[in-house]
Amino acid sequence: MSEALVSVSEHSGVVRLTLNRPKALNALNSELLGELERVLDDLAARDDLRAVLITGAGDKSFVAGADIAEMRDKSPDEARDFASQALATFKRLERLPVPVVALVNGFCLGGGCELALACDWAVASDNALFGQPEVLLGVIPGFGGTQRLPRRIGPAMALDLITTGRKIDAQEALRVGLVNRMVPQAELETLAEELTRQLGANGPQAIRAAKQAIHAGQGQHLDSALALETSLFALGFAGPEQREGMSAFLDKRPPDFQR
């Protein structure tokens with residue numbers, strides 16, 4: 001049996017997905033996108049999920065982009081279908097009810113950058129390289145880059161990166177807000193373990209409610225968004241999670257949130 005294109009591991013309800021095409025620098029092709037879509041459908045059905053970390057196999061690349069060899073000879077209709085497949089897969093990732101974090105090591109270009117943008121946030125090693133170089137291939141980003149990138153870093157910087165095709169290092173990506181944290185390459189795995197510990201130890205329903213409040217509130221008037229926050233805050237008092245968390249604080253002990 002061939003090795004899985006998406007390997008899955010789990011600890012304390014935190015699932016780690018590793019895109020596994022290292023010889024192709026984890027480039028996205030139809031087969032990989034299809035397998036990722038199936039994995040995400042399984043995760044979306046789970047009520048014990050606390051967070052998802054996504055990364056690429058090997059130490060050279062998160063995802064170097066979409067598979068150019070597969071794309072080169074596509075017709076416009078075939079290109080539309082390929083982009084639609086990627087967009088649907090990324091939307092499944094984006095709509096997971098728990099935090100999704102991209103662990104970026106090495107190349108994060110084109111479709112790889114668009115994949116990272118579909119995550120809630122990204123952390124990067126200091127060897128990471130980001131960019132949307134599609135104009136160098138005679139096309140524009142087709143997996144959400146023209147829409148998610150300006151929402152993440154602003155339209156002026158997004159136009160800079162997309163129309164020049166230039167690449168930026170992890171330090172500049174941190175400065176413009178494309179990533180949240182940067183660590184030396186040797187420490188990325190340690191950071192992943194720390195994120196797993198933190199996200200796995202915190203109140204799972206509170207984490208889900210926080211993501212819901214932030215994402216749903218972005219498209220609402222401030223007063224409506226604040227009302228949503230109040231409702232979700234109050235709902236937290238309906239279950240055992242709030243009582244355990246506050247009791248643990250008063251007892252000066254770590255909380256034990258049962259899944």
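This note reviews the salt bridges of a predicted model.

1. Overall count. A search across the whole structure yields 16 salt bridges. The points below take up some of them, beginning with Arg92.

2. Glu37 and Arg92. The side chains of these two residues form a salt bridge, with an N to O distance of 2.9 Å. Glu37 lies in helix H1 (residues 30-44) and Arg92 in helix H3 (residues 76-94), so the contact joins distant parts of the chain, 55 residues apart. Arg92 has a relative accessible area of 31% and is therefore classed as partly exposed, since that class lies between the 20% limit for buried and the 50% limit for exposed.

3. Asp41 and Arg92. The side chain of Arg92 also meets that of Asp41 in a salt bridge, at 2.7 Å from N to O. This pair again links distant parts of the chain: Asp41 belongs to helix H1 and Arg92 to helix H3, with their positions 51 residues apart. Asp41 is partly exposed, its relative accessible area being 38%.

4. Arg46 and Asp48. A salt bridge connects Asp48 with Arg46, and their closest N and O atoms are 2.9 Å apart. Asp48 is partly exposed, at a relative accessible area of 28%. Arg46 is likewise partly exposed, with a value of 23%.

5. A network. Which residues are linked in a network of salt bridges? They are Asp160, Arg166, Glu172 and Arg175.

Key
Residues are numbered from 1 along each chain as its sequence is written. This is a predicted model: local features need pLDDT of at least 70, side-chain atom pairs count only at pLDDT 80 or more; totals for chains, interfaces and linings use all residues. Side-chain values use heavy atoms; hydrogens and water are left out. A salt bridge is a side-chain nitrogen of Lys or Arg within 4 Å of a carboxyl oxygen of Asp or Glu. Helices (H or I, at least four residues) and strands (E, at least two) are DSSP runs, numbered from the N terminus. Buried means under 20% relative accessible area, exposed over 50%, partly exposed in between (1.4 Å probe, protein chains only).
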